[in-house]
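Thanks for making the time this morning; I would like to walk you through a structure that most of you have not yet seen. Please keep the picture in view while I talk, and I will begin with how the chains meet.

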Amino acid sequence: MQEPLNNEFSLSECSDLIDEVLDSGGEFTLYPKGTSMRPLIRQGSDAVVLIKAKQKLKRFDIPLYIRSNGQYVLHRVIKIFKNGTYGICGDNQFLIEKGIKDSQIKGVICAVIRDGKRINTSNTRYKIYVLIWCFMPLRHLLLKTRSLLYKVKAKLKKII
Amino acid sequence: MKRKNDFIIRKVAEQYVIVAVGEESKRFNGMIKVNTSGAFIWDLLETETNIDSIVKSILVKYDINEKIARTDAEKFIGVLKDAGAIE
């Protein structure tokens, strides 16, 4: 049976396999878990295609990196600092994680598979999404408004 | 038939999996989960072989009847063919 590569394995379990596939110049497809990259990546339905990062990451690239606690994370580069480290943030977040080094980067996304269709990161519609969604003041406003609406809804439920 | 060099078998969390590497991974982006007898057949496919020869080797290694061995081997070979892992 052909199945998604990490449908039942954790990324740490697949770590050596990911390295081997990427080092061979290949692509590694995985189904990310979590909601931190919404609206771009929806858990359970969207997949991403990883390749090896051949050069220094650019702003808005989406790397798979390993945190110092061993956790694997797929978030977007928002800032590149003068010391060469990256400021990274999920598309569904607005707090930037600083100090990510090249040595922590395992691979970088070259495409998203959404509803069975491959959308390369060079795709114009993808680039428009990035331009709009990565304008942080707008995202901050939208996410804060959404959070506020959830809180109001929860309070109303308690009252009614 | 013979397995293609750009497919590899590895153990991930006690489970054998076959995946494509290099350019082939751009075409086949999944994995084939394999049990120990599948891994045994995969080893046999390192050199040119055929289904009769594979069944013979299975019967030497495992205590099963020929009909089951042939059915299982053909099923597994079918999965590998669909994935493009053998030539």
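**Where chain A meets chain B**

What you have in front of you is a predicted model, and in it 18 residues from chain A and 19 residues from chain B make up the contact. Between them, chain A and chain B bury about 1600 Å², with 59% of that area on carbon and sulfur atoms.

Turning to particular interactions, the rule finds one salt bridge across this interface, in which the side chains of R10(B) and E20(A) come together at 2.5 Å, N to O. It also finds four residue pairs in polar contact across the interface of chain A and chain B, both residues of a pair being at pLDDT 80 or more.

Which elements of chain A give two or more residues to the side that touches chain B? They are strand 1, residues 2–3, and helix 1, residues 11–23, and helix 1 gives the most, with five residues. By type, the residues on that side of chain A comprise eight nonpolar, five polar and five charged.

Let me now move to a sheet in chain A, where three strands form an open, antiparallel arrangement in the order 6-7-8. Its edges are strand 6, at 76–80, and strand 8, at 97–100, each of which pairs on one side only, and the twist from one strand to the next averages 40°. Strand 6 is joined by four bridges to strand 7, residues 86–89, and these two run antiparallel; across from R76(A) you will find C89(A), in strand 7.

Methods. Residues are numbered from 1 along each chain as its sequence is written. Chains are lettered from A and ligands numbered from 1 in the order in which they are written. This is a predicted model: local features need pLDDT of at least 70, side-chain atom pairs count only at pLDDT 80 or more; totals for chains, interfaces and linings use all residues. Side-chain values use heavy atoms; hydrogens and water are left out. Contact means heavy atoms within 4.5 Å. Buried area is the accessible area (1.4 Å probe) that two parts lose on being put together, summed over both. A salt bridge is a side-chain nitrogen of Lys or Arg within 4 Å of a carboxyl oxygen of Asp or Glu. A polar contact is a pair of N or O atoms within 3.5 Å; within protein, one must be able to donate a hydrogen and the other to accept it, and residues adjacent in sequence count only if both atoms are side-chain atoms. Ala, Val, Leu, Ile, Met, Phe, Trp, Tyr, Cys and Pro count as nonpolar, Asp, Glu, Lys and Arg as charged, and the others, Gly among them, as polar. Two strands pair if DSSP finds at least two bridges between them. Axes are lines fitted to C-alpha atoms, for helices over the stretch in contact, and angles run from 0 to 180 degrees between N-to-C directions.
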